[in-house]
Structures are given as C-alpha cells and as structure tokens.
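Reader: Hi, I'm new to reading structures, and I'd like to go through one with you slowly. Could you put it up so that we can both look at it?

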Amino acid sequence: MKKKLLALLLASTVVFSSVLMTGCKKTDEEAKDPNIQVEVDIAKPNIEEFKSIEIPQLGRNINRDEFKVVNISVYTNYSDKYSDMKMTIPTFKGKCGTVDSIERYVSGNATSSENDIDRVYKYDEDFILYTKGLDNAGIKKLLNQHKLVFEYKNGEEKEKQTISLGNEANFIK
C-alpha cells in the first residue's frame, strides 16, 4: 500500500511539474518582440494584369513571361517596452533598373496602416516588374538592393533591423 501511495505521489508531482512548466513557457510568437513578418511573393501576372501593362518603347510586342507581379507584405507588432517604431520602405519606382540599364519597374501601388494603440503596423505593395533577361537569382539580386529598415527604442537604447527583400522572395508558379 505504501508503494502504491508513493508511486501515485511521485506521478502526481511529475504531472504537476510538467503542466506548470508548460504553462510558463512562451510560444515562438510570444517570444518575438518586436514581431516583424515580411513576405515577398513573386508570380507571373494573370491575364487582366498583363492586359494592363503598357510600355511605350515596346508597344504590344511583349510576352507575359517577361513580367512578374511582386507582392510585398509587412506586418509588425511590438510590446510597450519598445517606442518610436519607424519603418523605412524602399522606393521601387525609378530605382528598379539599377541591376542593369533597363527600367524594370512598370507600375504598382501601396497601402499602409498604423495603429499606435495596438502597436501594429501593416504595409502592402504590389508592382509589376519587367524581368526579360533575368532569372530568379537576378530578380533576387535586384530586390536585395532594396531593404526594409526598422528602427525603434528599447528603453533608451536605439535598435535597428534591416531586411533585404530578395532574401524573403518566394517564387510562385
């Protein structure tokens, strides 16, 4: 009887300890602070997007395979231990031709929203990229010239994170 009671007591202690430790463990999402998520999806334009492409120097002598739609989505949230969160967003219009002499940016648009109360920042940008002569590695190289920069204060200390967009590229078939 004493052995059963001792075994039951020992088992209860082990179960209680594991529940207690699991309850105190932070999840990966809770551990990220600030939580900065960046997605860069690259795909061939759909028929409607392709029909809207206008490049005067090429006329309509263009092929759908020579273009990509780039979608950049940024989501950031952070706790109140951080302040003065600022995000510097690269400008693509007029600056995407730096990998070679060809102007690569065709058209696009962007939206952003910021909520200081909930400490959430969202940014989305879609643009069409002229990719004739570039393989996926060339597109990544072009995008890596453009970096997102996050600057914020942690107490009195300034911190900075830089994300190269080409490193986040996800090519969708």
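Author: What follows is a walk through this chain, from its overall make-up to a few of its residues.

Reader: Before I trust any of it, what kind of model is this, and what is the mean pLDDT of the chain?

Author: This is a predicted model, and the mean pLDDT of the chain is 79, with 76% of the residues reaching 70 or more.

Reader: Which element has the lowest mean pLDDT, and which the highest?

Author: Helix 1, residues 2-24, has the lowest mean value among the elements, at 45, whereas strand 8 has the highest, at 95. Over residues 4-26 the pLDDT stays under 50, and for that stretch the model has one contact beyond four places in sequence.

Reader: OK, and how many helices and strands are there in the chain?

Author: The chain has four helices and eight strands, and from the N terminus on they follow the order α-α-β-α-β-β-β-β-α-β-β-β. Of its 173 residues, 32% count as buried.

Reader: Now the sheet: in what order do its strands come?

Author: Five strands form an open sheet in the order 4-5-2-1-8, and the pairing in this sheet is mixed. Its edge strands are strand 4 (105-115) and strand 8, each of which pairs on one side only. On average, neighbouring strands of the sheet are turned by 15° against each other, if direction is ignored.

Reader: You said mixed, so which way does strand 1 pair with strand 2, and which way with strand 8?

Author: With strand 2, strand 1 pairs in the antiparallel sense over nine bridges, and Glu39 stands opposite Ser73 in strand 2. With strand 8, strand 1 pairs in the parallel sense over three bridges, and the bridge partner of Asp41 in strand 8 is Asn170.

Reader: And what about the other end, how many bridges join strand 4 to strand 5?

Author: Strand 4 and strand 5 run antiparallel and are joined by 10 bridges; for Ser107, the bridge partner in strand 5 is Ile128.

Reader: Switching to helix 4, which strands does it lie across?

Author: Helix 4 lies across strand 1, strand 2, strand 5 and strand 8, and runs at about 150° to strand 8.

Reader: Which residues of helix 4 are buried, and why do they line one face?

Author: The buried residues of helix 4, which spans residues 136-144, are Gly138, Ile139, Leu142 and Leu143. Seen down the helix axis, these buried residues fall within an arc of 135°, and therefore they line one face of the helix. It helps to recall that an α-helix has 3.6 residues a turn, so residues three or four places apart point the same way.

Reader: What covers that face, and which residues are on the other side?

Author: The cover over the buried residues includes strand 1 (35-43), strand 2 (67-77), strand 5 (120-130) and strand 8 (169-171), while on the other side of helix 4 Ala137 and Lys141 are exposed.

Reader: Last one: is Tyr121 buried or exposed?

Author: Tyr121, which is found in strand 5, has a relative accessible area of 14%, and because the cut-off for buried is under 20%, it counts as buried.

Reader: What is Tyr121 in contact with, leaving aside its neighbours in sequence?

Author: Beyond four places in sequence, the contacts of Tyr121 include Val74, Tyr75, Thr76, Met87, Ile89 and Ser112. Tyr121 and Ile36 are 85 residues apart in sequence, and their C-alpha atoms are 9.4 Å apart in space.

Key. Residues numbered from 1 in each chain as written. Predicted model: local features only at pLDDT ≥ 70, side-chain atom pairs only at ≥ 80, totals over all residues. Heavy atoms only, no water. Buried < 20%, exposed > 50% of the residue type's maximum accessible area, 1.4 Å probe, protein only. Helix = DSSP H or I, 4+ residues; strand = E, 2+ residues; numbered from the N terminus. Arc of directions from axis to C-beta. Contact = heavy atoms within 4.5 Å. pLDDT = per-residue confidence, 0-100. Pairing = 2+ DSSP bridges. Axes fitted to C-alpha atoms, helices over the stretch in contact; angles between N-to-C directions.
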